[in-house]
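Colleague: I'm new to this and would like to learn how to read a protein model. Could you walk me through it, one feature at a time?

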Amino acid sequence: MLTQGTHCGCAARSQSFKAFAFMTLETMVSCKAAFAAGRSPNVDISGNIALFQELIQCPNPVYTWIYDSEGELLSSNCPQEALFSAAFSIMGSGEQMIAHGQNSNSPMLLGTAVGMNWGAAFEREGDRLSRCYVIGPVVFSEISLKEAEYGFEQYARQEVGLAWKHRFFRALLDVPLAQHMILSRYTLMLHYCLTGERLDVSDLTILSQETPGSLNNNVQDRHSVWRAEQAMLQMVRDGDLNYKSALNASIMSSNGVPVHGRDPLRQSKTSSIVFASLVCRAAMEGGLSPDEAYSLGNYYIQSAESASSLNDLSTITLTMYDDFIRRVHQCRTSPDLSEQIQKCCDYIEMHLDQKLQAADLARLAGYTEYYFTFKFKKETGLSVNEYMKRAKIQRARVLLLSGDADIRQIAEELGFSSRSYFTRVFTEEVGCTPSQFRSSRGRRRS
């Protein structure tokens with residue numbers, strides 16, 4: 001939202017937008033019977049998109065756009081269609097979208113130097129790009145007229161008249177304010193409407209430019225960023241293969257190391273290299289040998305430095321994180337556990353949201369339930385239920401530090417029957433309540 005002074009009601013609009021995003025996400029999940037479980041000829045894309053458009057029209061309307069495979073606008077429900085369509089093209093977002101869609105089916109976020117942001121998802125016919133669906137624009141923070149004009153200087157090579165620029169800056173006043181998390185979730189919902197495929201935030205491709213908000217060192221909740229970072233590094237130390245929840249929370253909490261400049265790729269490389277160094281050290285703390293950790297870290301740092309695009313850099317960073325976690329997991333695998341019991345322990349760690357029974361694990365190991373429970377306790381020193389309880393509490397510790405999900409949500413995610421039962425079990429294992437744990441670890445140590 002463009003500001004020349006203070007806009008009353010901005011915080012209220014942001015909060016209502018956030019609340020509505022969670023509501024629409026739940027609505028889309030509850031309506032999953034209306035969508036295809038996978039991409040097939042009978043997917044009612046037009047019906048899905050019509051429903052999606054209705055859902056994101058309140059409280060602040062987010063508009064939808066449909067482009068063909070060549071980048072020509074087919075339709076839009078935006079009243080400022082001509083103006084914002086031209087801006088989408090002038091700022092290079094249309095070209096970036098088509099280039100990405102021709103080579104990948106992953107949904108994407110597109111940022112601009114004036115602070116406007118878009119989400120895009122793709123419809124394909126076989127391997128061929130058919131249509132591009134876009135939502136936006138939105139802004140992530142308030143932007144002053146001076147900042148917007150400064151950001152627009154990046155497009156000085158474009159022949160744009162003064163009258164058009166004046167209309168454009170005035171139109172920015174009506175662009176809705178939304179959090180990065182909200183646009184990300186809407187874009188994932190849009191992708192689901194088109195394909196039936198469920199993705200995580202970490203699957204989004206993000207193409208950004210230096211935004212005017214970056215000039216002001218936007219206020220972040222640094223405690224949340226620190227908690228998310230610590231949770232991610234702890235999962236490296238533990239070799240925890242089920243790491244996506246912490247990764248998603250970290251993506252939502254921070255945009256990386258705030259190194260400002262004209263080159264967004266350079267800034268992202270700096271963030272990736274710093275992250276690789278932190279992960280390398282955490283891996284050594286988790287038991288990976290210094291020789292292997294440093295060698296691997298140097299390889300990924302060099303790969304990041306050689307990356308030619310933000311998309312390539314994102315892939316390298318995610319691969320690096322996964323690689324370190326898997327290597328730590330392998331070196332932490334207990335030599336005292338048989339292959340079958342280790343397999344079951346790994347399965348428990350990967351399915352903490354499910355109510356597993358000893359009989360399920362016995363079938364996985366190929367044993368009778370009686371023999372499996374005997375062998376499991378003999379090798380691990382814990383019963384199956386005790387092991388699952390401890391694994392869930394360990395995961396709860398990570399979730400409490402990695403994001404702002406409330407305790408009820410965490411309890412449900414880990415399969416506890418109620419918040420009170422979760423709190424009782426957590427207190428027995430950790431020695432304090434979940435709220436006390438989050439509060440005490442959330443304060444950065446001096």
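**Reading the model, feature by feature**

Modeller: Let's start with a pair of strands: β2 and β3 (residues 73-76) run antiparallel and are joined by three bridges. Two strands pair if DSSP finds at least two bridges between them. Helices (H or I, at least four residues) and strands (E, at least two) are DSSP runs, numbered from the N terminus. Bear in mind that this is a predicted model, where local features need pLDDT of at least 70, side-chain atom pairs count only at pLDDT 80 or more, and totals for chains, interfaces and linings use all residues. Residues are numbered from 1 along each chain as its sequence is written, and side-chain values use heavy atoms, with hydrogens and water left out.

Colleague: Which residue in β3 is the bridge partner of tryptophan 65?

Modeller: That's serine 76. In the hairpin of β2 and β3, four residues sit between the strands, and glycine 71 takes a positive phi near 90°.

Colleague: How many bridges join β2 to strand β6?

Modeller: Five, and β2 and β6 (residues 128-139) run antiparallel. Threonine 64, for instance, stands opposite isoleucine 135 in β6.

Colleague: How do I read the two faces of a strand?

Modeller: In a regular strand the side chains alternate between the two faces of the sheet. In β2, Thr64, Ile66 and Asp68 are on one side, Trp65 and Tyr67 on the other, and all are buried. Buried means under 20% relative accessible area, exposed over 50%, and partly exposed in between (1.4 Å probe, protein chains only).

Colleague: What share of the chain's residues is buried?

Modeller: Buried residues make up 47% of the 446 in the chain. The secondary structure comes to 19 helices and eight strands.

Colleague: Is isoleucine 393 buried or exposed?

Modeller: Isoleucine 393 counts as buried because its relative accessibility is 3%. You'll find isoleucine 393 in helix α16. Contact means heavy atoms within 4.5 Å, and beyond its neighbours within four places in sequence, isoleucine 393 is in contact with Phe416, Phe422, Val425, Phe426, Glu429 and Val430. Isoleucine 393 and phenylalanine 426 are 33 residues apart along the chain, with their C-alpha atoms separated by 6.1 Å.

Colleague: How many disulfides does a search of the whole structure find?

Modeller: Zero. A disulfide is a pair of cysteine sulfur atoms within 2.5 Å. Take cysteine 344: its closest cysteine sulfur, in cysteine 345, is 7.1 Å away, so that is too far for a bond. Cysteine 344 counts as buried, at 0% relative accessibility.

Colleague: And how do I tell a cavity from a pocket?

Modeller: On a 1 Å grid over the protein atoms alone, a cavity is a set of points where a 1.4 Å probe fits but cannot get out, while a pocket is an open set with protein on both sides within 12 Å along at least five of seven lines; lining residues have an atom within 4 Å of a point. Grid points are joined across faces, edges and corners, and a volume is the space filled by probe spheres set on the points. Here the second largest pocket has a volume of about 630 Å³. Of its 24 lining residues, the closest to its centre are Asp238, Arg332, Cys345, Glu349 and Tyr387.

Colleague: How many cavities of 30 Å³ or more are there?

Modeller: Two. The second largest cavity holds about 30 Å³ of space, and its lining includes Ser272, Tyr300 and Met320.
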